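Work through the following exercises with the model open. Each task is followed by a solution in steps.

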Amino acid sequence: NWADFAAVWSVDDGALAAHWLVRGPEAGYDYGIRIARSSDGGQTWSEPWTPHEDGTHTAHGLVSMFPLTDGGMGMVWLDGREAAGGAGGEGSPGAMTLRYREVASDGTPGPEVVVDEGICDCCQADRAVTSAGPVVVYRDRSDSEVRDIYVTRLVCDQWTVDVLVNQDGWVIAACPVNGPAVAVAWFTAPDEQPKVQMAFSADVGATFGATMRIDDGNPLGGVDLVLLGDGSVLVVWLERTPESGEVRVRRVFPYGRSGAASLVTTTSSGRDSGFPRMIRDGRSRIVFAWTESGE
């Protein structure tokens with residue numbers, strides 16, 4: 001899956017977790033997750049572990065990890081096991097599910113948990129750890145093919161009923177391959193009008209305020225964001241121009257105020273542009289990463 005890429009996650013003090021994907025014998029979208037953990041800052045790593053135990057030759061990926069208060073780690077991923085053998089009905093594939101599993105600090109895994117029984121097929125989820133626990137945001141999928149953004153929270157070891165972030169009403173009988181990012185920023189295109197939108201939550205993800213449009217008129221998606229020290233957020237996305245694609249970034253403040261967009265770099269306007277990413281480093285700088293296509 002061109003949209004599914006490996007990542008390294010900070011779990012707790014000095015501990016890291018890495019995940020990557022391994023293709024199965026059926027090729028195509030038969031692939032699974034491998035996870036390894038390091039307790040010495042990445043110098044050595046544990047043996048790889050597979051969090052899903054269903055054994056089906058279907059897609060498992062698009063992982064998001066987060067630390068737990070007891071020193072363990074939690075993870076959510078998109079799981080296609082219900083699509084095996086036409087599980088959705090007479091000869092039709094079943095739905096992609098969002099699943100969760102946690103691993104204790106001693107390495108003991110907990111049970112697999114279904115967070116949502118039917119979500120968009122290949123849009124990345126994202127997560128944040130708040131003062132009230134983990135929050136996961138993802139693109140849902142209704143029976144009528146509405147694919148809007150929902151959020152769920154882990155409260156007292158139970159995932160809450162998912163809450164709609166904004167009623168975009170985007171009906172599309174295909175996966176847009178554009179997942180949301182927490183605080184929340186996301187791509188949508190109802191009535192074939194593409195937009196990058198954002199909403200803030202003042203109650204750790206239980207509800208969200210007014211939706212703000214972030215893009216410059218012709219976005220491709222590929223959204224990511226980082227929280228800054230003053231409560232504002234930097235949002236990065238791909239914007240289409242007549243000549244190419246551009247990686248742009250904008251600073252957004254709660255309650256509707258935003259700065260001018262800045263150009264980070266030019267890139268392709270096709271799938272080979274990938275997904276730009278950014279982090280805030282230890283000296284309060286923003287470090288960007290992107291795909292440069294071509295030879």
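**Exercise 1.** Leaving aside neighbours within four places in sequence, which residues is Thr266 in contact with? Place Thr266 in the fold and classify its exposure as well.

*Solution.* The model is a predicted one.
- Step 1: Thr266 belongs to strand β19, which covers residues 262-267.
- Step 2: Once the neighbours within four places are set aside, the contacts of Thr266 are Ser244, Gly245 and Glu246.
- Step 3: The relative accessible area of Thr266 is 43%. Partly exposed is the class between 20% and 50%, so Thr266 is partly exposed.
- Step 4: Glu239 is 27 residues from Thr266 along the chain, and their C-alpha atoms are separated by 9.4 Å.

**Exercise 2.** Glu145 and Glu192 are to be examined in turn: find the sign of phi for Glu145 and for Glu192, then decide whether each is buried or exposed.

*Solution.*
- Step 1: Glu145 is not a glycine, yet its phi is positive, at about 70 degrees.
- Step 2: Glu145 sits in the loop that links β9 (133-139) and β10 (149-155).
- Step 3: The relative accessibility of Glu145 is 18%. The cut-off for buried is under 20%, so Glu145 counts as buried.
- Step 4: For Glu192, also a residue other than glycine, phi is positive and near 60 degrees.
- Step 5: The loop between β13 (185-188) and β14 (195-198) holds Glu192.
- Step 6: Glu192 has a relative accessible area of 72%. Exposed means over 50%, so Glu192 is exposed.

**Exercise 3.** Describe the protein chain as a whole: its secondary structure, its compactness and its burial.

*Solution.*
- Step 1: The protein chain has 21 strands and zero helices.
- Step 2: Its radius of gyration is 19 Å, close to the 19 Å from the globule rule for 295 residues, so the chain is as compact as a globular protein of that length.
- Step 3: Along the principal axes, the C-alpha atoms fill a box of roughly 50 × 45 × 45 Å.
- Step 4: Of the 295 residues, 47% are buried.
- Step 5: Among contacts with a separation of 6 or more, 43% join residues 24 or more positions apart.

**Exercise 4.** Where does pLDDT stay under 50, and what is the mean pLDDT of the protein chain?

*Solution.*
- Step 1: The mean pLDDT is 89, with 96% of residues reaching 70 or more.
- Step 2: Over residues 86-92 pLDDT stays under 50, and the model has eight contacts beyond four places in sequence for them.
- Step 3: Predicted coordinates should not be read in detail where pLDDT is low.

Notes:
Residues numbered from 1 in each chain as written. Predicted model: local features only at pLDDT ≥ 70, side-chain atom pairs only at ≥ 80, totals over all residues. Heavy atoms only, no water. Helix = DSSP H or I, 4+ residues; strand = E, 2+ residues; numbered from the N terminus. Rg over C-alpha atoms; globule rule 2.2 N^0.38 Å. Buried < 20%, exposed > 50% of the residue type's maximum accessible area, 1.4 Å probe, protein only. Contact = heavy atoms within 4.5 Å. pLDDT = per-residue confidence, 0-100.
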